[in-house]
Amino acid sequence: MTNPSLRFTHRAAVRAASIVLLLVPAVAVAHEETGQAAGFLAGLSHPVSGLDHVLAMIAVGLWGAVLGPPAIWVLPVAFPLVMAFGGLLGLLGIPVPGVEIGIAISAIVLGAMVLAEIRPALWIAAALVAFFAVFHGHAHGRELPEGTSALLYSLGFVVATGLLHAVGILLGAVHRWSVGRRAVRAAGGGVALAGLYFLWRAVA
Amino acid sequence: MNAGRACRGVARVAGGAALAVAGPAQAHLVETGFGAFYDGVAHVALTPADLLVVVALALLAGQRGTRAARYALFVLPLAWYAGGLIGARWPTAGALPVLTTLSFAVAGALVALNARLRDAGVAALAVAAGLLHGLVNGATMAPAGASGLALAGAVTAVFSVTAILAAEVTALPAGWPRIVVRVAGSWIAAAGLLMLGWLTRGG
């Protein structure tokens, strides 16, 4: 015959163990990759956390909208790839001089292109955007938070950058109307002015 | 030494180097609570490298038209299953992160470039990627006690994603919808490029 006090102790032990297991729910969702959601969200939010990056990305989209097809999609397709190449350089420890200055100048130049509605040949526009993309990738692509999935962080970072381009393209869609055209040019001017501020801060 | 032999030599050295940096086999498998089959489905859905290569190959096959999409639809899951069986039988291959990352980065880059591959080229890529990722699946799932049913679940997920995406892309009209596909390819390739950096750095 089982001792009632022993049975009570056994039940209490089971309950205590259940509570402890509930406190460590990660065990129940064990998977070969860890920190996936955190990695993706960190990557997604990282580009938005820096105004210099945000403005330059939107300026790429605006400039694409000003230039029209095929630049409107060539620039957003080329930028993430070259930006990732910049990130690769950073991860490999290959230094790129004056990264912060390069980012600030990217905002000035891209903003000025939109403001003045400069329409160079496609390859010149793509080369210019690609040149600046290296600085952005080098500065931002290698800041992985501890314990998160590197792949999903990278994917989130790239997706956020691409969505910022899309914002620029959508804003630039008003360029077809005369009022919208002035608004787009004003936005370009604003980006260039902000770039000047970033440049002053980078060299100060 | 002719150019062909030189290329083969470089390919062998690159392959050896990639195998040399093989990561340890992962001993975990998603437990959905619905059984081994759904664990296998969830494994593909929650393993970014697997999902990205399937998405990239489906986009590529869809870009190249109906016949290429049909090839990829059947060749990719079959190669995945074959690779899985090999990996489960000889699970020494490990995770091979450099090769799996390269596979989806290359497929994404081809989508971004809208590369004019022949149907056979798409099928060959699907075979290579399917064998590789299946091999890794088998090698990582078997030590976790996963059965053949889990592998069947993984292959079913690969088939389903390929069927849905490739069919959708095949039916897309010219213009913006197809540009969005290319943008998606560039994002996948860019993420792969960054991931190669993390792997090289050991992060």
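Modeller: Let's start with pLDDT, which is the predictor's confidence in each residue, from 0 to 100. We need it here, as this is a predicted model.

Colleague: OK, so in chain B, where is confidence lowest and where is it highest?

Modeller: Helix H1 of chain B, residues 3-20, is at the bottom with a mean of 47, while helix H3 of chain B, residues 48-63, tops the chain at 95. Over residues 13-27 of chain B the pLDDT is below 50, though in the model that stretch has 24 contacts beyond near neighbours in sequence. Chain B as a whole averages 83, with 81% of the residues scoring at least 70.

Colleague: And which ipTM and pTM does the model score?

Modeller: ipTM is 0.74 and pTM is 0.78.

Colleague: Next, helix pairs. What describes two packed helices?

Modeller: You give the angle between their axes and the distance between the axes. Take H6 (residues 119-141) and H7 (residues 148-170) of chain B: their axes come within 11 Å and cross at roughly 145°. The crossing is right-handed. H6(B) brings B:Asn137, B:Gly138 and B:Met141 to the contact, and H7(B) brings B:Ala150, B:Leu151 and B:Ala154. Sorted by type, that's four nonpolar, two polar and no charged residues.

Colleague: What about the two chains: how many residues of each are in contact?

Modeller: On chain A 27 residues are in contact with 26 residues of chain B. Helices H4 (71-91) and H7 (150-172) of chain A are the elements giving two or more residues to chain A's side, and H4(A) gives the most, with 11. That side of chain A has 19 nonpolar, six polar and two charged residues.

Methods. Residues are numbered from 1 along each chain as its sequence is written. Chains are lettered from A and ligands numbered from 1 in the order in which they are written. This is a predicted model: local features need pLDDT of at least 70, side-chain atom pairs count only at pLDDT 80 or more; totals for chains, interfaces and linings use all residues. Two residues are in contact if their C-beta atoms, placed from the backbone, lie within 7 Å. Helices (H or I, at least four residues) and strands (E, at least two) are DSSP runs, numbered from the N terminus. Ala, Val, Leu, Ile, Met, Phe, Trp, Tyr, Cys and Pro count as nonpolar, Asp, Glu, Lys and Arg as charged, and the others, Gly among them, as polar. Axes are lines fitted to C-alpha atoms, for helices over the stretch in contact, and angles run from 0 to 180 degrees between N-to-C directions. A crossing is left-handed if the near helix is turned anticlockwise from the far one by less than a right angle, and right-handed if clockwise.
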